[in-house]
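I opened a fresh notebook page for this one. Here are my entries, in the order I looked things up.

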Amino acid sequence: MNQKRKKGIDLGKDPVGGLIVRLAVPAVLAQLINLLYNLVDRMYVGNIAGVGTQALAGLGVVFPVTLIVSAFANLVGMGGAPLASIFLGEQKPEDANKVFNAGVGMLCVFSVLLTAAVLVFCDPLVRLFGAPKDAFLYARSYLFVYGCGSLFVMFSLGLNPFITAQGFSVTSMLTVAIGAVLNIALDPIFIFVLNMGVEGAALATILSQGVSAAWVASFFFRKKSLFRFSLRKMLPSLRTVLKIAALGLSPFIMSVTESAIQIVFNVNLTKWSGDNSDHTAALTIMLSAVQIISLPLNGLGTGIQPLISYNYGTGNSARIRAAVKRVALVALCCSGTVWAVSLLAPQVYGYLFNASAPVMELLKKYTPFFMAGTVCFFAQMTLQNVFVALNQAKISIFLACLRKVILLIPLCFALPYAFGVAGIYYSEGIADAVAGIVTASTFFGMLPRILKKRERLLGLSQ
(Lines give C-alpha, C1' and ligand atoms only; values in the text may rest on other atoms or scores of the structure.)
Protein backbone atom coordinates (compact mmCIF):
# COMPACT_ATOMS: atom_id res chain seq x y z
CA MET A 1 0.00 0.00 0.00
CA ASN A 2 1.52 3.33 -1.02
CA GLN A 3 0.94 5.56 1.95
CA LYS A 4 2.55 8.64 0.45
CA ARG A 5 0.67 8.72 -2.84
CA LYS A 6 -2.63 7.77 -1.29
CA LYS A 7 -2.86 10.76 1.02
CA GLY A 8 -1.03 13.31 -1.13
CA ILE A 9 1.73 13.92 1.41
CA ASP A 10 5.27 12.54 1.45
CA LEU A 11 6.66 12.50 4.98
CA GLY A 12 10.05 11.45 3.63
CA LYS A 13 10.53 14.01 0.84
CA ASP A 14 8.19 17.01 1.11
CA PRO A 15 9.87 20.19 2.50
CA VAL A 16 10.13 20.00 6.27
CA GLY A 17 8.81 23.51 6.87
CA GLY A 18 5.70 22.88 4.81
CA LEU A 19 5.07 19.56 6.53
CA ILE A 20 5.30 21.18 9.96
CA VAL A 21 2.67 23.69 8.93
CA ARG A 22 0.41 21.03 7.43
CA LEU A 23 0.76 18.66 10.39
CA ALA A 24 1.34 20.85 13.43
CA VAL A 25 -0.96 23.81 12.78
CA PRO A 26 -4.15 21.67 12.69
CA ALA A 27 -2.92 19.77 15.76
CA VAL A 28 -2.33 23.01 17.67
CA LEU A 29 -5.72 24.33 16.62
CA ALA A 30 -7.26 21.05 17.73
CA GLN A 31 -5.74 21.45 21.19
CA LEU A 32 -6.91 25.05 21.39
CA ILE A 33 -10.39 23.94 20.45
CA ASN A 34 -10.14 21.08 22.95
CA LEU A 35 -9.27 23.67 25.57
CA LEU A 36 -12.71 25.15 24.96
CA TYR A 37 -14.34 22.00 26.37
CA ASN A 38 -12.95 22.80 29.81
CA LEU A 39 -12.90 26.59 29.62
CA VAL A 40 -16.44 27.01 28.29
CA ASP A 41 -17.90 24.76 31.00
CA ARG A 42 -16.05 26.74 33.66
CA MET A 43 -16.96 30.11 32.16
CA TYR A 44 -20.67 29.31 32.06
CA VAL A 45 -20.68 27.60 35.46
CA GLY A 46 -18.87 30.57 36.98
CA ASN A 47 -21.81 32.73 35.86
CA ILE A 48 -24.53 30.70 37.59
CA ALA A 49 -26.35 33.24 39.74
CA GLY A 50 -25.60 33.06 43.45
CA VAL A 51 -23.51 29.87 43.43
CA GLY A 52 -20.98 30.51 40.65
CA THR A 53 -17.91 30.34 42.91
CA GLN A 54 -19.01 27.11 44.62
CA ALA A 55 -19.99 25.50 41.31
CA LEU A 56 -16.65 26.50 39.74
CA ALA A 57 -14.84 25.02 42.74
CA GLY A 58 -16.83 21.81 42.25
CA LEU A 59 -15.71 21.50 38.65
CA GLY A 60 -12.14 22.05 39.76
CA VAL A 61 -12.44 19.19 42.23
CA VAL A 62 -13.66 16.62 39.67
CA PHE A 63 -11.40 17.79 36.85
CA PRO A 64 -8.73 15.22 37.90
CA VAL A 65 -11.19 12.43 37.06
CA THR A 66 -11.63 13.76 33.54
CA LEU A 67 -7.84 13.82 33.25
CA ILE A 68 -7.62 10.18 34.31
CA VAL A 69 -10.12 9.21 31.60
CA SER A 70 -8.05 11.20 29.09
CA ALA A 71 -4.88 9.53 30.37
CA PHE A 72 -6.09 6.06 29.40
CA ALA A 73 -7.13 7.37 26.00
CA ASN A 74 -3.65 8.89 25.61
CA LEU A 75 -2.01 5.62 26.65
CA VAL A 76 -3.55 4.02 23.58
CA GLY A 77 -3.60 6.92 21.12
CA MET A 78 -0.26 8.54 21.93
CA GLY A 79 1.40 5.15 22.29
CA GLY A 80 -0.13 3.38 19.31
CA ALA A 81 -0.07 6.19 16.74
CA PRO A 82 3.74 6.82 16.82
CA LEU A 83 4.35 3.07 16.72
CA ALA A 84 2.06 2.78 13.69
CA SER A 85 3.91 5.68 12.02
CA ILE A 86 7.26 3.97 12.54
CA PHE A 87 5.88 0.81 10.91
CA LEU A 88 4.62 2.89 7.99
CA GLY A 89 8.09 4.42 7.63
CA GLU A 90 9.53 0.90 7.56
CA GLN A 91 7.00 0.01 4.82
CA LYS A 92 5.11 -2.40 7.08
CA PRO A 93 1.45 -1.32 6.68
CA GLU A 94 0.07 -4.63 7.94
CA ASP A 95 1.95 -4.28 11.23
CA ALA A 96 0.70 -0.69 11.50
CA ASN A 97 -2.89 -1.90 11.06
CA LYS A 98 -2.40 -4.51 13.80
CA VAL A 99 -1.31 -1.75 16.16
CA PHE A 100 -4.43 0.28 15.31
CA ASN A 101 -6.83 -2.57 16.00
CA ALA A 102 -4.99 -3.51 19.17
CA GLY A 103 -5.58 0.07 20.30
CA VAL A 104 -9.31 -0.22 19.56
CA GLY A 105 -9.51 -3.36 21.71
CA MET A 106 -7.67 -1.67 24.57
CA LEU A 107 -9.99 1.34 24.41
CA CYS A 108 -13.04 -0.93 24.69
CA VAL A 109 -11.69 -2.58 27.85
CA PHE A 110 -10.63 0.70 29.48
CA SER A 111 -13.98 2.34 28.69
CA VAL A 112 -16.00 -0.33 30.46
CA LEU A 113 -13.76 -0.38 33.53
CA LEU A 114 -13.54 3.40 33.93
CA THR A 115 -17.27 3.96 33.47
CA ALA A 116 -18.07 1.37 36.14
CA ALA A 117 -15.48 2.84 38.54
CA VAL A 118 -16.77 6.41 38.22
CA LEU A 119 -20.44 5.49 38.64
CA VAL A 120 -19.91 3.14 41.58
CA PHE A 121 -17.44 5.30 43.50
CA CYS A 122 -18.73 8.75 42.59
CA ASP A 123 -19.32 10.10 46.13
CA PRO A 124 -16.12 8.68 47.69
CA LEU A 125 -14.06 10.11 44.81
CA VAL A 126 -15.45 13.60 45.32
CA ARG A 127 -14.64 13.44 49.06
CA LEU A 128 -11.20 11.96 48.41
CA PHE A 129 -10.33 14.72 45.98
CA GLY A 130 -10.76 17.41 48.61
CA ALA A 131 -14.11 19.02 47.78
CA PRO A 132 -15.01 21.93 50.07
CA LYS A 133 -18.30 21.29 51.86
CA ASP A 134 -20.21 23.96 49.95
CA ALA A 135 -18.96 22.60 46.59
CA PHE A 136 -19.60 18.88 47.21
CA LEU A 137 -23.04 18.62 45.55
CA TYR A 138 -21.87 20.49 42.45
CA ALA A 139 -18.83 18.26 42.07
CA ARG A 140 -20.86 15.08 42.56
CA SER A 141 -23.56 16.10 40.07
CA TYR A 142 -21.06 16.91 37.34
CA LEU A 143 -19.00 13.75 37.86
CA PHE A 144 -21.93 11.32 37.78
CA VAL A 145 -23.25 12.65 34.46
CA TYR A 146 -19.75 12.81 32.98
CA GLY A 147 -19.08 9.21 34.01
CA CYS A 148 -22.06 8.03 31.97
CA GLY A 149 -20.40 9.33 28.79
CA SER A 150 -16.76 8.53 29.47
CA LEU A 151 -16.85 5.90 26.70
CA PHE A 152 -17.37 8.69 24.14
CA VAL A 153 -14.41 10.61 25.54
CA MET A 154 -12.18 7.52 25.36
CA PHE A 155 -12.92 6.77 21.71
CA SER A 156 -12.79 10.39 20.56
CA LEU A 157 -9.39 11.04 22.15
CA GLY A 158 -7.93 7.56 21.73
CA LEU A 159 -8.63 7.04 18.02
CA ASN A 160 -7.95 10.57 16.79
CA PRO A 161 -4.12 10.22 16.87
CA PHE A 162 -4.40 7.35 14.38
CA ILE A 163 -5.92 9.83 11.93
CA THR A 164 -3.03 12.24 12.49
CA ALA A 165 -0.55 9.38 12.08
CA GLN A 166 -1.70 9.01 8.47
CA GLY A 167 -1.11 12.70 7.78
CA PHE A 168 -4.76 13.84 7.95
CA SER A 169 -4.23 16.60 10.50
CA VAL A 170 -7.15 18.70 9.27
CA THR A 171 -9.54 15.78 9.67
CA SER A 172 -8.13 15.19 13.14
CA MET A 173 -8.67 18.86 13.99
CA LEU A 174 -12.29 18.67 12.80
CA THR A 175 -12.88 15.83 15.26
CA VAL A 176 -12.22 18.22 18.10
CA ALA A 177 -13.85 21.24 16.43
CA ILE A 178 -17.17 19.48 15.88
CA GLY A 179 -17.45 18.54 19.53
CA ALA A 180 -16.25 21.90 20.85
CA VAL A 181 -18.66 23.95 18.74
CA LEU A 182 -21.55 21.71 19.77
CA ASN A 183 -20.50 22.01 23.41
CA ILE A 184 -20.45 25.81 23.19
CA ALA A 185 -23.96 25.76 21.74
CA LEU A 186 -25.42 23.25 24.20
CA ASP A 187 -23.89 24.63 27.41
CA PRO A 188 -26.08 27.75 27.79
CA ILE A 189 -29.17 25.81 26.73
CA PHE A 190 -28.72 23.06 29.32
CA ILE A 191 -27.27 25.23 32.11
CA PHE A 192 -29.52 28.29 31.92
CA VAL A 193 -32.51 27.68 29.60
CA LEU A 194 -33.31 24.23 30.97
CA ASN A 195 -32.00 25.24 34.42
CA MET A 196 -29.86 22.09 34.78
CA GLY A 197 -26.84 23.85 36.31
CA VAL A 198 -23.61 21.85 36.50
CA GLU A 199 -25.42 18.69 35.38
CA GLY A 200 -26.28 20.52 32.16
CA ALA A 201 -22.61 21.40 31.65
CA ALA A 202 -21.64 17.74 32.02
CA LEU A 203 -24.44 16.56 29.71
CA ALA A 204 -23.41 19.07 27.03
CA THR A 205 -19.83 17.80 27.25
CA ILE A 206 -20.59 14.10 26.87
CA LEU A 207 -23.11 14.61 24.06
CA SER A 208 -20.53 16.68 22.20
CA GLN A 209 -17.89 14.02 22.73
CA GLY A 210 -20.35 11.42 21.48
CA VAL A 211 -20.68 13.25 18.17
CA SER A 212 -16.86 13.54 17.96
CA ALA A 213 -16.50 9.82 18.62
CA ALA A 214 -18.93 9.00 15.81
CA TRP A 215 -16.98 11.28 13.45
CA VAL A 216 -13.68 9.57 14.33
CA ALA A 217 -15.09 6.07 13.88
CA SER A 218 -16.56 6.96 10.48
CA PHE A 219 -13.13 7.97 9.17
CA PHE A 220 -11.80 4.43 9.36
CA PHE A 221 -14.55 3.24 7.00
CA ARG A 222 -13.39 5.66 4.28
CA LYS A 223 -11.28 4.53 1.36
CA LYS A 224 -8.44 6.94 2.11
CA SER A 225 -7.80 5.44 5.56
CA LEU A 226 -4.86 3.04 5.80
CA PHE A 227 -6.34 1.50 8.93
CA ARG A 228 -9.44 -0.69 8.99
CA PHE A 229 -11.47 -2.09 11.88
CA SER A 230 -10.99 -5.85 12.28
CA LEU A 231 -12.68 -7.75 15.12
CA ARG A 232 -10.09 -10.51 14.88
CA LYS A 233 -7.19 -8.09 15.29
CA MET A 234 -8.85 -6.33 18.23
CA LEU A 235 -7.73 -9.26 20.37
CA PRO A 236 -4.04 -8.35 20.23
CA SER A 237 -0.96 -10.23 21.27
CA LEU A 238 0.58 -9.35 24.60
CA ARG A 239 3.67 -8.16 22.75
CA THR A 240 1.69 -5.56 20.78
CA VAL A 241 -0.09 -4.33 23.89
CA LEU A 242 3.23 -3.93 25.70
CA LYS A 243 4.74 -2.01 22.78
CA ILE A 244 1.80 0.40 22.75
CA ALA A 245 1.91 0.75 26.52
CA ALA A 246 5.67 1.39 26.52
CA LEU A 247 5.37 4.39 24.20
CA GLY A 248 2.05 5.52 25.64
CA LEU A 249 3.22 5.35 29.24
CA SER A 250 4.91 8.75 29.04
CA PRO A 251 1.80 10.75 27.97
CA PHE A 252 -0.26 8.54 30.29
CA ILE A 253 1.93 9.45 33.24
CA MET A 254 1.81 13.13 32.29
CA SER A 255 -2.00 13.05 32.38
CA VAL A 256 -2.32 10.90 35.49
CA THR A 257 0.21 12.95 37.43
CA GLU A 258 -1.58 16.10 36.29
CA SER A 259 -4.66 14.59 37.88
CA ALA A 260 -2.73 13.58 40.99
CA ILE A 261 -1.27 17.02 41.55
CA GLN A 262 -4.67 18.66 41.21
CA ILE A 263 -5.96 16.32 43.90
CA VAL A 264 -2.95 17.24 46.03
CA PHE A 265 -3.60 20.92 45.36
CA ASN A 266 -7.27 20.64 46.34
CA VAL A 267 -6.57 18.65 49.51
CA ASN A 268 -3.82 21.02 50.65
CA LEU A 269 -5.85 24.12 49.83
CA THR A 270 -8.75 22.79 51.89
CA LYS A 271 -6.34 22.13 54.75
CA TRP A 272 -4.33 25.35 54.68
CA SER A 273 -7.06 27.81 53.62
CA GLY A 274 -9.66 26.66 56.13
CA ASP A 275 -12.04 24.97 53.65
CA ASN A 276 -12.28 28.18 51.60
CA SER A 277 -13.92 27.80 48.17
CA ASP A 278 -12.31 31.06 46.99
CA HIS A 279 -8.89 29.40 46.96
CA THR A 280 -10.23 26.32 45.14
CA ALA A 281 -11.92 28.53 42.55
CA ALA A 282 -8.74 30.60 42.10
CA LEU A 283 -6.69 27.44 41.65
CA THR A 284 -9.18 26.16 39.07
CA ILE A 285 -8.67 29.36 37.07
CA MET A 286 -4.86 29.18 37.38
CA LEU A 287 -4.85 25.57 36.18
CA SER A 288 -6.95 26.70 33.23
CA ALA A 289 -4.29 29.31 32.50
CA VAL A 290 -1.63 26.60 32.57
CA GLN A 291 -3.65 24.68 29.99
CA ILE A 292 -3.73 27.73 27.74
CA ILE A 293 0.05 27.27 27.40
CA SER A 294 0.46 23.52 27.76
CA LEU A 295 -2.26 22.19 25.45
CA PRO A 296 -1.17 24.09 22.28
CA LEU A 297 2.47 23.16 22.94
CA ASN A 298 1.42 19.56 23.43
CA GLY A 299 -0.45 19.80 20.12
CA LEU A 300 2.69 21.10 18.44
CA GLY A 301 4.67 18.12 19.70
CA THR A 302 2.05 15.52 18.83
CA GLY A 303 1.38 17.18 15.48
CA ILE A 304 4.89 16.58 14.21
CA GLN A 305 5.07 13.04 15.58
CA PRO A 306 4.16 11.46 12.21
CA LEU A 307 6.99 13.42 10.54
CA ILE A 308 9.52 12.49 13.24
CA SER A 309 8.43 8.85 13.58
CA TYR A 310 8.28 8.23 9.82
CA ASN A 311 11.78 9.61 9.24
CA TYR A 312 13.05 7.76 12.30
CA GLY A 313 11.72 4.63 10.63
CA THR A 314 13.65 5.43 7.43
CA GLY A 315 16.73 6.68 9.31
CA ASN A 316 16.67 10.18 7.81
CA SER A 317 18.39 12.12 10.60
CA ALA A 318 18.77 15.36 8.65
CA ARG A 319 15.00 15.80 8.32
CA ILE A 320 14.49 15.06 12.01
CA ARG A 321 17.09 17.68 13.03
CA ALA A 322 15.52 20.27 10.73
CA ALA A 323 12.06 19.64 12.16
CA VAL A 324 13.26 19.76 15.77
CA LYS A 325 15.03 23.11 15.30
CA ARG A 326 11.98 24.77 13.81
CA VAL A 327 9.52 23.35 16.31
CA ALA A 328 11.66 24.12 19.37
CA LEU A 329 11.99 27.77 18.30
CA VAL A 330 8.25 28.16 17.67
CA ALA A 331 7.42 26.50 20.99
CA LEU A 332 9.80 28.77 22.90
CA CYS A 333 8.28 31.91 21.35
CA CYS A 334 4.74 30.77 22.17
CA SER A 335 5.47 29.77 25.76
CA GLY A 336 7.40 32.99 26.34
CA THR A 337 4.53 35.15 25.11
CA VAL A 338 1.84 33.60 27.29
CA TRP A 339 4.27 33.47 30.23
CA ALA A 340 4.83 37.23 29.97
CA VAL A 341 1.07 37.90 29.99
CA SER A 342 0.65 35.65 33.04
CA LEU A 343 3.26 37.55 34.99
CA LEU A 344 2.31 41.08 33.94
CA ALA A 345 -1.50 40.89 33.69
CA PRO A 346 -2.79 37.88 35.70
CA GLN A 347 -6.17 39.55 36.19
CA VAL A 348 -6.97 38.70 32.55
CA TYR A 349 -7.76 35.15 33.61
CA GLY A 350 -10.13 36.38 36.30
CA TYR A 351 -12.13 38.36 33.78
CA LEU A 352 -12.50 35.25 31.59
CA PHE A 353 -14.21 33.35 34.39
CA ASN A 354 -16.16 36.21 35.94
CA ALA A 355 -14.17 35.83 39.16
CA SER A 356 -15.58 37.31 42.33
CA ALA A 357 -13.65 40.09 44.07
CA PRO A 358 -11.96 37.76 46.63
CA VAL A 359 -10.97 35.29 43.90
CA MET A 360 -9.62 38.12 41.73
CA GLU A 361 -7.39 39.28 44.58
CA LEU A 362 -6.00 35.76 44.96
CA LEU A 363 -5.30 35.61 41.23
CA LYS A 364 -3.41 38.90 41.25
CA LYS A 365 -1.39 37.85 44.27
CA TYR A 366 -0.41 34.30 43.37
CA THR A 367 -0.68 33.77 39.58
CA PRO A 368 2.79 35.28 38.82
CA PHE A 369 4.36 32.73 41.19
CA PHE A 370 2.18 29.85 39.99
CA MET A 371 3.00 30.55 36.32
CA ALA A 372 6.66 31.52 36.81
CA GLY A 373 8.08 28.33 35.28
CA THR A 374 5.69 27.87 32.37
CA VAL A 375 8.16 29.49 29.95
CA CYS A 376 9.97 26.13 30.14
CA PHE A 377 6.92 24.29 28.78
CA PHE A 378 8.46 24.48 25.30
CA ALA A 379 10.65 21.59 26.44
CA GLN A 380 8.41 19.77 28.89
CA MET A 381 5.42 19.64 26.55
CA THR A 382 6.75 19.84 22.98
CA LEU A 383 10.16 18.13 23.10
CA GLN A 384 8.80 15.49 25.46
CA ASN A 385 6.47 14.37 22.66
CA VAL A 386 9.39 14.26 20.22
CA PHE A 387 11.09 11.75 22.52
CA VAL A 388 7.98 9.56 22.23
CA ALA A 389 8.06 9.91 18.43
CA LEU A 390 11.69 8.71 18.48
CA ASN A 391 10.63 5.51 20.29
CA GLN A 392 12.51 6.52 23.46
CA ALA A 393 10.13 5.06 26.02
CA LYS A 394 12.41 4.95 29.09
CA ILE A 395 13.64 8.53 29.04
CA SER A 396 10.15 9.76 28.16
CA ILE A 397 8.73 8.01 31.23
CA PHE A 398 11.38 9.53 33.49
CA LEU A 399 10.79 13.05 32.19
CA ALA A 400 7.03 12.57 32.50
CA CYS A 401 7.48 11.66 36.17
CA LEU A 402 9.99 14.42 36.89
CA ARG A 403 7.76 17.48 36.88
CA LYS A 404 4.84 16.16 38.90
CA VAL A 405 5.88 13.08 40.87
CA ILE A 406 9.49 13.87 41.73
CA LEU A 407 9.22 17.64 42.11
CA LEU A 408 5.74 19.12 42.37
CA ILE A 409 3.90 16.75 44.71
CA PRO A 410 6.64 16.78 47.39
CA LEU A 411 6.98 20.58 47.11
CA CYS A 412 3.22 21.05 47.40
CA PHE A 413 3.22 19.18 50.71
CA ALA A 414 6.46 20.68 52.07
CA LEU A 415 6.36 24.40 51.18
CA PRO A 416 3.14 25.28 53.06
CA TYR A 417 4.95 24.53 56.32
CA ALA A 418 7.34 27.36 55.47
CA PHE A 419 5.07 29.78 53.60
CA GLY A 420 1.52 28.79 54.55
CA VAL A 421 -1.07 28.55 51.76
CA ALA A 422 1.24 30.59 49.48
CA GLY A 423 3.65 27.63 49.39
CA ILE A 424 1.08 25.63 47.41
CA TYR A 425 1.18 28.22 44.64
CA TYR A 426 4.98 28.56 44.77
CA SER A 427 5.44 24.82 44.23
CA GLU A 428 4.05 24.86 40.68
CA GLY A 429 6.43 27.58 39.45
CA ILE A 430 9.51 25.95 40.96
CA ALA A 431 8.69 22.48 39.61
CA ASP A 432 7.92 23.75 36.10
CA ALA A 433 11.19 25.66 35.84
CA VAL A 434 13.41 22.82 37.08
CA ALA A 435 11.66 20.15 34.99
CA GLY A 436 11.83 22.27 31.85
CA ILE A 437 15.56 22.92 32.21
CA VAL A 438 16.27 19.22 32.80
CA THR A 439 14.11 18.15 29.85
CA ALA A 440 15.73 20.61 27.43
CA SER A 441 19.24 19.65 28.52
CA THR A 442 18.48 15.95 28.27
CA PHE A 443 16.82 16.23 24.88
CA PHE A 444 19.50 18.23 23.12
CA GLY A 445 22.21 16.14 24.77
CA MET A 446 20.73 12.79 23.74
CA LEU A 447 19.31 13.58 20.28
CA PRO A 448 22.62 13.20 18.34
CA ARG A 449 23.29 9.82 19.96
CA ILE A 450 19.76 8.57 19.29
CA LEU A 451 20.01 9.47 15.61
CA LYS A 452 23.49 7.98 15.22
CA LYS A 453 22.36 4.73 16.82
CA ARG A 454 19.41 4.51 14.43
CA GLU A 455 21.66 5.13 11.43
CA ARG A 456 24.02 2.34 12.50
CA LEU A 457 21.10 -0.05 13.05
CA LEU A 458 19.86 0.57 9.49
CA GLY A 459 23.37 0.45 8.05
CA LEU A 460 23.27 4.10 6.96
CA SER A 461 26.27 5.47 8.88
CA GLN A 462 29.77 5.35 7.45
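**A loop residue to begin with**

At 38% relative accessibility, I put Asn391 down as partly exposed. I should say at once that I am reading a predicted model. I then looked up where Asn391 sits: it is in the loop between helix H16 (377–389) and helix H17 (393–414). Its phi caught my eye, being near 65°, a positive value in a residue other than glycine. I noted this because most residues other than glycine have a negative phi.

I found another case in Asn195, which is not a glycine and yet has a positive phi of about 60°. Asn195 belongs to the loop between helix H8 (169–193) and helix H9 (197–219). With a relative accessible area of 66%, Asn195 is exposed. The cut-off I used here is over 50% for exposed.

**The whole chain**

Next I stepped back. What does the chain have in the way of helices and strands? I counted 19 helices and zero strands. The radius of gyration is 21 Å, close to the 23 Å that the globule rule gives for 462 residues, so I wrote the chain down as being as compact as a globular protein of that length. I also took the extent of the C-alpha trace along its principal axes, which is about 65 × 45 × 35 Å. Of the 462 residues, 61% count as buried.

**Salt bridges**

I searched the whole structure for salt bridges and got seven. My reason for looking is a simple one: side chains of opposite charge can pair when their charged atoms come close. I wrote up several of them.

I started with Glu428 and Arg403, a salt bridge whose closest N and O atoms are 3.1 Å apart. Glu428 lies in helix H19 and Arg403 in helix H17, so this pair ties together parts that are 25 residues apart in sequence. Are the two partners buried or exposed? Both Glu428 and Arg403 turned out to be buried. I also saw that salt bridges with shared partners join Arg403, Lys404, Glu428 and Asp432 into one network.

Then I went to Asp123 and Arg140, where the closest N and O atoms of the salt bridge are 2.6 Å apart. This pair links distant parts of the chain, with Asp123 in helix H5 (residues 122–128) and Arg140 in helix H6 (residues 136–148), 17 residues apart. I have Asp123 as partly exposed, at 25% relative accessibility. Arg140 is partly exposed too, with a relative accessible area of 28%.

My last salt bridge entry is Lys92 with Glu90, the closest N and O atoms being 3.7 Å apart. Lys92 is partly exposed, with a relative accessible area of 36%. For Glu90 the relative accessible area is 26%, and I marked Glu90 as partly exposed as well.

**Surface patches**

Which residues form a positive surface patch? I listed Arg321, Lys325, Arg326, Lys394, Lys452, Lys453 and Arg456. The elements that give two or more residues to this patch are helix H13 (317–344) and helix H19 (422–457). I picked out Lys453 for a closer look, and found it in helix H19. At 60% relative accessibility, Lys453 counts as exposed. My notes thus return to helix H19, where I had already placed Glu428.

I also found a nonpolar surface patch, made by Val21, Val25, Leu29 and Leu32, of about 300 Å². Leu29 lies in helix H2 (residues 16–46). I checked its cover too: at 37% relative accessibility, Leu29 counts as partly exposed.

**Far in sequence**

For my final entry I turned to Arg232, in the loop between H9 and helix H10 (238–272). Arg232 counts as exposed, at 65% relative accessibility. How far apart are Arg232 and Lys98, in sequence and in space? They are 134 residues apart in sequence, and I got 9.8 Å in space, C-alpha to C-alpha.

How values were computed. Residues are numbered from 1 along each chain as its sequence is written. This is a predicted model: local features need pLDDT of at least 70, side-chain atom pairs count only at pLDDT 80 or more; totals for chains, interfaces and linings use all residues. Side-chain values use heavy atoms; hydrogens and water are left out. Patches are made of residues with over 30% relative accessible area and no salt bridge: like charges are joined within 9 Å, nonpolar side chains (Val, Leu, Ile, Met, Phe, Trp, Tyr) within 5 Å. Accessible areas come from the Shrake-Rupley method with a 1.4 Å probe; for residues, only the protein chains shown count as cover. A salt bridge is a side-chain nitrogen of Lys or Arg within 4 Å of a carboxyl oxygen of Asp or Glu. Helices (H or I, at least four residues) and strands (E, at least two) are DSSP runs, numbered from the N terminus. Buried means under 20% relative accessible area, exposed over 50%, partly exposed in between (1.4 Å probe, protein chains only). Lys and Arg count as positive and Asp and Glu as negative; His and the chain ends are not counted. The place of a charge is taken as NZ of Lys, CZ of Arg, CG of Asp or CD of Glu. The radius of gyration is taken over C-alpha atoms; the globule rule is 2.2 Å times the number of residues to the power 0.38.
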